[in-house]
Amino acid sequence: MFLTESKAAAIVCMLVSLLFLGTWPAILTLLERRGRLPQHTYLDYSITNFLAAVLIAVTFGQIGGSTPSMPNFFTQLTQDTWPSVLMAMLGGLFLSLGNVSIQYAWAFVGLSVAQVVTSSIAVVIGTTLNYFLDDKINKASILFPGVACFLTAVLLGSAVHSSNAADNVAKLRSFHENLQDTEKVPETSNEQEAPSAKDIMDSVDVEDVSAEEAKKAGTADFIIAVESQRAIKVVGESKLVGMSITLFAGICFALFSPAFNLATNDQWHFLKKGVPHLVVYTAFFYFSLAFVVMAVILNVIFLYFPLVNLPKSSIKEYLKDGNGRIWAIVAGLLCGFGNGLQFVGGQAAGYAAADAVQGRSS
């Protein structure tokens, strides 16, 4: 069975996972900015994410002969490993809740800030928990100075979001004043009360936006052009809402890896005597099964009862929406294979180290 025990091979697995896990968020963010409903994108993404786990299980999980201490994937499906299976599925539920949340966090606080904050929270909490679950196999003198850097990143990321939001409001108000000077919009009746960003967006005609300025990231014209096209309208929304969603996603990301660690190593001794631990591929299958079930349930509900200010949709509309579907499928495969490689590397080198690498991918 293909299960690396070499530290060098584990590092290679984690580095490849770094590339995969750092790519898929940008793809989903791009689709939302082009107007595709996140519910549609996430259904495509989560289903192919699960297919990647199945492919890993029935290929790598079946390589080599099955032994009592290292059963292959199909052999282990019939064994009495339910305590570990439930722990793996709990990890999948945490990841699913985190991924569902972060697609809204990307819209509210921006991809760069959301990824930095959520990944840093995951490293600070997840790495600390895994360090003790792994029986301290990683050197604390090397590991925890890095963790401290990620904790600093959480605080700085939160400050950056607040600064960015204030800067965007100032740019939109300046844009509005310039339009008033050219008599393209009526002046506000109360000169002492500056219009809110949301009021400006409601009053501005997209045709007033300069095509050249709209190509320059960070300009008021760019903000208006993106907002008019994207699926989730966020200009003028509370800064607290965005950061609350981001923090919740980060906590979910911090808990899924320790749960997977417990599923494969049984540190709390839930399994009966003589029953082998879950092989990483079997654990990843159950982990991904729980992930896709939770993701499908939540996003089908959100089709009919959408969060924030998204329009209602339906299963029929989702099936007809092929715009960007191929990219959502690619994102699901990248995340599925990325998580699988992270867990394979973590089983050999320690899940605390794997969590730190995952944080760097963002």
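Start with R230: in this predicted model, its side chain makes a polar contact with the side chain of E32, at 2.7 Å. You'll find R230 in the loop between α8 (220-229) and α9 (239-265). Despite sitting in a loop, R230 is buried, with a relative accessible area of just 6%. Setting aside neighbours within four places in sequence, R230 is in contact with E32, R33, G35 and A107. So the E32 pairing comes with other contacts around R230, because the list of contacting residues also includes R33 and G35, and R230 itself counts as buried, being under the 20% cut-off.

Now step back and take in the whole chain. The protein has 13 helices and zero strands, so if you read along the sequence you simply get one α after another, in the pattern α-α-α-α-α-α-α-α-α-α-α-α-α. Of its 362 residues, 51% are buried. Look at contacts with a separation of 6 or more, and 82% of them are between residues 24 or more positions apart. The accessible surface comes to about 16,600 Å², and carbon and sulfur atoms account for 65% of that.

Next, follow helix α2. With 22 residues, α2 reaches 31 Å from its first C-alpha to its last, close to the 32 Å expected at 1.5 Å a residue. How many of the residues of α2 are buried? The count is 16 of the 22, so the helix is largely enclosed by the rest of the structure. A53 is a good residue to click on here: it lies in α2, which runs over residues 38-59, and A53 is buried with a relative accessible area of 0%. Beyond its neighbours within four places in sequence, A53 is in contact with F284 and S288. There's also a long sequence jump at this spot, as A53 and G336 are 283 residues apart in sequence, yet their C-alpha atoms are 6.1 Å apart in space.

On to the charged residues. Side chains of opposite charge can pair when their charged atoms come close. A search of the whole structure finds five salt bridges. One of these joins D44 and R36, whose closest N and O atoms are 3.0 Å apart. Are these two buried or exposed? D44 is buried, with a relative accessible area of 5%, and R36 is buried too, at 3%. R36 has another partner: the side chains of D321 and R36 meet in a salt bridge at 3.2 Å, N to O. D321 lies in the loop between α11 and α12 (325-349), while R36 lies in the loop between α1 (7-33) and α2, so this pair ties together parts that are 285 residues apart in sequence. D321 is likewise buried, with a relative accessible area of 17%. Put R325 on screen as well and you have the full set, since R36, D44, D321 and R325 are linked in a network of salt bridges.

Another salt bridge to look at is the one where the side chains of D80 and K272 meet, at 3.1 Å, N to O. This pair also links distant parts of the chain: D80 is in the loop between α3 (73-76) and α4 (82-109), K272 is in the loop between α9 and α10, and the two are 192 residues apart. The setting here isn't a buried one, because D80 counts as partly exposed at 34% relative accessibility, and K272 is exposed, with a relative accessible area of 56%.

Finally, turn to the outside. V293, I297, I301, Y304, F305, I315 and L319 make a nonpolar surface patch of about 660 Å². Two elements give two or more residues to this patch, namely α10 (280-304) and α11 (315-320). Which of them gives the largest share? That's α10, with four residues. L319 makes a handy landmark for the patch: its place is in helix α11, and L319 is exposed, with a relative accessible area of 56%.

Conventions. Residues are numbered from 1 along each chain as its sequence is written. This is a predicted model: local features need pLDDT of at least 70, side-chain atom pairs count only at pLDDT 80 or more; totals for chains, interfaces and linings use all residues. Side-chain values use heavy atoms; hydrogens and water are left out. Buried means under 20% relative accessible area, exposed over 50%, partly exposed in between (1.4 Å probe, protein chains only). Contact means heavy atoms within 4.5 Å. A polar contact is a pair of N or O atoms within 3.5 Å; within protein, one must be able to donate a hydrogen and the other to accept it, and residues adjacent in sequence count only if both atoms are side-chain atoms. Patches are made of residues with over 30% relative accessible area and no salt bridge: like charges are joined within 9 Å, nonpolar side chains (Val, Leu, Ile, Met, Phe, Trp, Tyr) within 5 Å. Accessible areas come from the Shrake-Rupley method with a 1.4 Å probe; for residues, only the protein chains shown count as cover. A salt bridge is a side-chain nitrogen of Lys or Arg within 4 Å of a carboxyl oxygen of Asp or Glu. The expected span of a helix is 1.5 Å times one less than its number of residues.
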